[in-house]
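Trainee: I should like to learn how to read a structural model feature by feature. Could we begin with the general idea each time and then turn to the case at hand?

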Amino acid sequence: MSQDTLFQLGMGPVSLNATQTEEAHVVARVRGIVERDDQDYFIEKDGITCAGTHLIIDLFDACRLDDIDLVARTLIDCVDVAGATLLHMHLHPFEPNGGISGVAVLAESHISIHSWPERGYAALDAFMCGNARPERCVDVLRAAFTPQRVNVQEILRGRGA
């Protein structure tokens with residue numbers, strides 16, 4: 001996806017200069033978000049304290065996995081429905097099969113995709129901390145790619161940290 005396409009989607013990359021780090025409070029300042037420095041965004045889910053929820057999502061017999069514009073819009077829709085904050089997105093199309101690999105980097109972590117359109121298969125990760133709700137992405141992915149089968153595994157990351 002070209003930089004022009006990112007800007008057309010209303011998303012420019014977040015550029016950090018050499019004196020900045022990728023710590024959450026710095027990225028938050030770049031995005032104009034005010035956050036408390038003492039908050040680590042760990043969550044409690046089902047009585048377990050963890051860094052966040054990581055969903056491993058497999059789509060089988062899915063359609064339009066080679067449509068880079070659809071993939072971009074779908075990842076943006078996932079970010080919105082999950083209540084997350086998009087910092088940067090990069091998608092790369094592969095030839096000749098049209099597969100796409102990419103990542104939406106979030107203030108809350110990331111969503112990634114790797115697609116094999118010739119097999120109707122896509123592997124996605126949705127890892128989010130704080131108040132974001134990655135489970136809401138599944139319905140967005142179903143609507144966009146109309147898979148015949150979806151497999152979702154949930155991992156609570158950072159248990160015991």
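The dialogue below takes up the fold, a strand, the loops and a helix pair.

Mentor: This is a predicted model, in which local features need pLDDT of at least 70 and side-chain atom pairs count only at pLDDT 80 or more, while totals for chains, interfaces and linings use all residues. Residues are numbered from 1 along each chain as its sequence is written, and side-chain values use heavy atoms, with hydrogens and water left out.

Trainee: How many helices and strands does the protein chain have?

Mentor: Helices (H or I, at least four residues) and strands (E, at least two) are DSSP runs, numbered from the N terminus. The protein chain has four helices and eight strands, in the sequence order α-α-β-β-β-α-β-β-β-β-α-β.

Trainee: What share of the 161 residues in the protein chain is buried?

Mentor: Buried means under 20% relative accessible area, exposed over 50%, and partly exposed in between, with a 1.4 Å probe and protein chains only. Buried residues account for 40% of the 161. As for contacts, defined as heavy atoms within 4.5 Å, 59% of those with a separation of 6 or more in the protein chain are between residues 24 or more positions apart.

Trainee: Why is strand E3 described as largely enclosed?

Mentor: Strand E3 (residues 52-60) is largely enclosed by the rest of the structure because seven of its nine residues are buried.

Trainee: Which strands are joined to E3 by bridges?

Mentor: Two strands pair if DSSP finds at least two bridges between them. Nine bridges join E3 to strand E8 (residues 149-157), and the two run antiparallel; here histidine 54 has isoleucine 155 of E8 as its bridge partner. Seven bridges join E3 to strand E7 (residues 121-128), again antiparallel, and leucine 59 is partnered with alanine 122 of E7. In general, the side chains of a regular strand alternate between the two faces of the sheet.

Trainee: Is asparagine 151 of E8 buried, partly exposed or exposed?

Mentor: Asparagine 151, located in strand E8, counts as partly exposed because its relative accessibility is 33%. Apart from neighbours within four places in sequence, asparagine 151 is in contact with Ile56, Ile57, Asp58 and Phe60. Asparagine 151 and leucine 59 are 92 residues apart in sequence, yet their C-alpha atoms are 6.7 Å apart.

Trainee: Turning to the loops, which residues have a positive phi without being glycine?

Mentor: Aspartate 61 has a phi near 50°, and arginine 64 has a phi of about 60°. Aspartate 61 lies in the loop between E3 and helix H3 (68-82), and arginine 64 is also placed between E3 and H3. Arginine 64 counts as partly exposed because its relative accessibility is 44%.

Trainee: Where is there a cis peptide bond?

Mentor: The cis peptide bond joins glutamate 95 and proline 96, with omega about 10°. Proline 96 lies in the loop between strand E4 (86-93) and strand E5 (100-106).

Trainee: At what angle do H3 and helix H4 pack?

Mentor: Axes are lines fitted to C-alpha atoms, for helices over the stretch in contact, and angles run from 0 to 180 degrees between N-to-C directions. H3 and H4 (residues 137-145) pack at about 155°, with their axes 9 Å apart. Angles under 35 degrees count as roughly parallel, over 145 as roughly antiparallel, 65 to 115 as roughly perpendicular and the rest as oblique; H3 and H4 are therefore roughly antiparallel. Residues making the contact include Leu70, Val71 and Thr74 of H3 and Val140, Leu141 and Phe145 of H4.
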